[in-house]
Amino acid sequence: MSDPIVIAEGLHKSFGGAHALRGLDLSVPGGTVCGVLGPNGAGKTTAVRILATLSDPDAGHARIAGYDVVREAGKVRERIGLAGQYAAVDEKLTGRGNLRMFGRLYHLPRRQAHRRADELLDRFGLMDAADRPVAGYSGGMRRRLDLITCLILRPDVLFLDEPTTGLDPRSRGEIWDSIRELVADGTTVLLTTQYLDEADHLADDIAVIDHGQVIATGTPDELKATIGDRLDVTLEDPAAMPEAATVLNTLAGTEPTTTDADRLTVALPATGLRLADIVRKLDHAGVAAADVSLRRPTLDEVFLRLTDHKEPVR
Amino acid sequence: MTALTSPLVRLRWTLTDGLTLVGRELGRLRQEPGQIIAALIFPVIMVVLFGYVFGSAIQVPDGGDYREYLMPGLFAMVTFSAVMGVMTRMATDASRGVMDRFRSMPMARLAVPFGQTGADLLTGLLMLAIMVVAGLLVGWQPHRGLIPTAQAFLLMIVLRYALSWVGVYVGLAVKNDQVADAMVPLGLPFTMLSNAFVPTDGMPGWLRFLADWNPVSTLTAASRELFGNPGAPSGNVAWPLAHPVTTVLLWSAALLVIFVPLSLRAYMRRGR
Ligand SMILES: Nc1ncnc2c1ncn2[C@@H]1O[C@H](COP(=O)(O)OP(=O)(O)OP(=O)(O)O)[C@@H](O)[C@H]1O
Ligand SMILES: [Mg+2]
């Protein structure tokens, strides 16, 4: 792993009386994907806007590739790409027209801007729609155009604020593929998302933020390990629920959650329990289990646990 | 990589980036031939609607032809449309994130407002040209020779440019294309409350006062005077109408002095 290319230290930002960020720290090594997770209003967009020089922090500082986002904003802008929460392209222009215009605004000579537009359209599968106005594009195509607009200059760092919100699974998969390709080229990506599986698939590291602060960081596996494995039990007879709950409670040391009329789930302590022991204990108590399974927690469970200190309710 | 360092380089990029954005507006027009057709038909409709429908009922002060009286008013109306046009375009860019993309790019910052107002100037010239043709077709013409005629058009262009900066500022302030769209119809009463279509003599005192001081009236009066069209103010009239050319220049200067810095500040302001 190389040195951090994105560094934020103690970022504070408030809007009127509302604190959007209260001391946010972030560090992203070059060439990796950092997933920023957080519930609505956690401060994800605010953080991205500060890092992309659109907004100044009230306190704290941030550097991109060594350049300060406030004092050396111009240098930062030459090295970043930003795809915001909405597809920021000109609806009235064609896809090609947009790329050519932004290419010119990135100060590429005309011929080169045109060539780069064609390259990108071709590589990201938009050539067929290149000469249609963007207003007639599907949501997925628009997002893809928005994304490739950031790539005109091959940025060192790419900020993606919820790049796949509102897309169907297929378009989402296509965006993911594009992001993976970029990372293979050496681009560092900082992406915010509401979809935990997105972070799970793409991110090398995850920062969970809530109320404007980072509350946990680590690889997806490390985060999952922090809350221990999950035990799911499906009963043959829902009437046995109270007995089953008692058994699981003594085993795990915490109250299990009822996820269905005949299903319970509980987080197990990090000190591993063997499946066989669990089945035996249930048997002893006279609980007939149709299915008992031990699994890693999903990132959703980690997220819910971290952000509202409650067991997930399904 | 293109660092914006020396002032000279910066100036050059402001110009080229501004031109790119002017080109963007032209590209949009090309994608929407409907808009060009509408731009062609609109003046014709206005000239016919006002010229023949109202014209049959309105008495022109000096007993002149109503369509000669009307055309300077329509020129003024087209000129003032700059505010709404630029406002909606700025607000759309701001609400769709396009403005944020511009801000996050290493482009010249001033290029966006200057490009937008420059593009509007081109559209304005096109609209004026169409309006002139429509006017000539229904019998309007300038009577005082080349220089005053050129002065009249120059006056319209100067004021239009100043007005487009009002549009930049308002568009940045509302930041919401829906609000901006909803504000567009407000332009109509503003232009109607003037001497553009009817003489103000018949209006109740307070209304007449507003109409006489309305800059739409001033521009209309100035071009009636310079074109030698009927209805040019004479006798005991409100100050702006007695000195219409000077007043239009004063308006233009005042709008530029106020709204250029305000708009630039609003555009460059960060930390929102
Ligand atoms: N321009 C603004 N004016 C006032 N308050 C703001 C502004 N931008 C953000 N906030 C507030 O700051 C907090 C953080 O907002 P932010 O948009 O960063 O959250 P987010 O994590 O991106 O949420 P989401 O998942 O909904 O996109 C919220 O409480 C929000 O209301
Ligand atoms: Mg957000």
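Biologist: What pattern does chain B follow, read along the sequence?
Modeller: This is a predicted model. Chain B has 12 helices and 0 strands. Read along the sequence, the pattern is therefore written with helix symbols: α-α-α-α-α-α-α-α-α-α-α-α.

Biologist: Why is chain B as compact as a globular protein of that length?
Modeller: The globule rule gives 19 Å for 272 residues. The value for chain B is close to that, so the chain is as compact as a globular protein of that length, with a radius of gyration of 20 Å.

Biologist: What share of the 272 residues in chain B is buried?
Modeller: Buried here means under 20% relative accessible area. By that cut-off, the buried share of chain B is 50%.

Biologist: How many residues does the contact take from chain B and from chain A?
Modeller: Chain B and chain A bury about 3,000 Å² between them, with 56% of it on carbon and sulfur atoms. The contact draws on both chains: 28 residues from chain B and 36 residues from chain A.

Biologist: Which side chain of chain A meets Asp100(B) in a salt bridge?
Modeller: The rule finds 4 salt bridges across the interface of chain B and chain A. In one of them, at 2.8 Å from N to O, the partner of Asp100(B) is Arg49(A).

Biologist: Which helix of chain B gives the most to the side that touches chain A?
Modeller: Helix 1 (7-31) and helix 4 (98-104) of chain B each supply at least two residues of that side. The most, 8 residues, comes from helix 1.

Methods
Residues numbered from 1 in each chain as written. Chains lettered and ligands numbered in written order. Predicted model: local features only at pLDDT ≥ 70, side-chain atom pairs only at ≥ 80, totals over all residues. Heavy atoms only, no water. Contact = heavy atoms within 4.5 Å. Buried area = accessible area lost by both parts, 1.4 Å probe. Helix = DSSP H or I, 4+ residues; strand = E, 2+ residues; numbered from the N terminus. Rg over C-alpha atoms; globule rule 2.2 N^0.38 Å. Buried < 20%, exposed > 50% of the residue type's maximum accessible area, 1.4 Å probe, protein only.
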